[in-house]
Amino acid sequence: MLKGGCFCGAVRYEAEGDPWHETVCHCSICRRTTGAPIVAWFTVRTGDFRIVAGEPVRFRSSTAATRTFCGACGTALAFQADDHPAEIDVTTGSLDDPERLPPKSHTWRASGLSWVKSADGLPSYPAKRPD
Ligand SMILES: [Zn+2]
Ligand SMILES: [Zn+2]
């Protein structure tokens, strides 16, 4: 069981099942919606993810996806792509224990900032991770 929530505690979530696609995203939408240069994510089945306290705010971050965040403190929580309704991406940094899910790749590197460097040896992709 994975547990997490926003900074202020108003929104809490739980996720079951085995997470996958742990990645650090360098895309401009993650950057602009969080104010952070990169954002770590993991993926779980939508049916295995549930909000257990509060109600996050949802907004369309592009024509293809919805993001959620805490309306009180602003913590970015989740991402759902319209073409993958059975999956939900969750911000690793909102986990109670982010050490449980270290990233396994870097994605959307082509739209990343030039001054973000990494020497972690993980595979790095110019856009989304190859299927
Ligand atoms: Zn909050
Ligand atoms: Zn991104």
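In this predicted model, the largest nonpolar core comprises 25 residues, among which Cys-25, Val-39, Trp-41, Leu-77 and Val-90 touch the most other members. Several strands contribute to this core, since β2, β3 (20-25), β4 (39-45), β8 (76-81) and β9 (87-91) each supply at least two of its residues, and the greatest contribution, five residues, is that of β4. In soluble globular proteins, nonpolar side chains tend to be buried together. The surroundings of Cys-25 can be described in further detail: when neighbours within four places in sequence are left aside, Cys-25 is in contact with Cys-30, Ile-38, Val-39, Trp-41, Thr-107 and Trp-108.

Trp-108, one of these contacts of Cys-25, is found in the segment that follows β10 (106-107). Because 22 C-beta neighbours lie inside 10 Å of Trp-108, and 20 or more are required for a residue to be classed as buried, Trp-108 counts as buried. The backbone of Trp-108 is also notable for a positive phi, near 55°, in a residue other than glycine. Most residues other than glycine have a negative phi. A positive phi, of about 55°, is likewise found at His-21, which is not a glycine and which is located in strand β3. His-21, however, has 16 C-beta neighbours inside 10 Å and therefore counts as partly exposed.

With regard to strand pairing, an open sheet is formed by three strands in the order β1-β2-β5, with antiparallel pairing. The edges of this sheet are occupied by β1 (2-5) and β5 (49-53), each of which pairs on one side only, and the twist from one strand to the next averages 25°. Within the sheet, strand β2 (residues 12-15) and β5 are joined in the antiparallel sense over four bridges, and Glu-14 stands opposite Arg-50 of β5. Strand β2 is thus described both by this pairing with β5 and by its supply of at least two residues to the nonpolar core.

A further antiparallel pairing, over five bridges, links β6 to strand β7 (residues 65-69). These two strands, β6 and β7, form a hairpin with two residues between them, and the bridge partner of Ser-62 is Ala-65 in β7. Strand β6 (residues 57-62) lies largely in the open, because the number of buried residues among its six is zero. In general, the strands of a sheet pair through backbone hydrogen bonds, in either a parallel or an antiparallel manner.

Methods: Residues are numbered from 1 along each chain as its sequence is written. Chains are lettered from A and ligands numbered from 1 in the order in which they are written. This is a predicted model: local features need pLDDT of at least 70, side-chain atom pairs count only at pLDDT 80 or more; totals for chains, interfaces and linings use all residues. Two strands pair if DSSP finds at least two bridges between them. Axes are lines fitted to C-alpha atoms, for helices over the stretch in contact, and angles run from 0 to 180 degrees between N-to-C directions. A residue is buried if 20 or more other C-beta atoms lie within 10 Å of its own, exposed if 12 or fewer, and partly exposed in between; C-beta atoms are placed from the backbone. A nonpolar core is a set of buried Ala, Val, Leu, Ile, Met, Phe, Trp, Tyr and Cys residues joined through C-beta atoms within 7 Å. Two residues are in contact if their C-beta atoms, placed from the backbone, lie within 7 Å.
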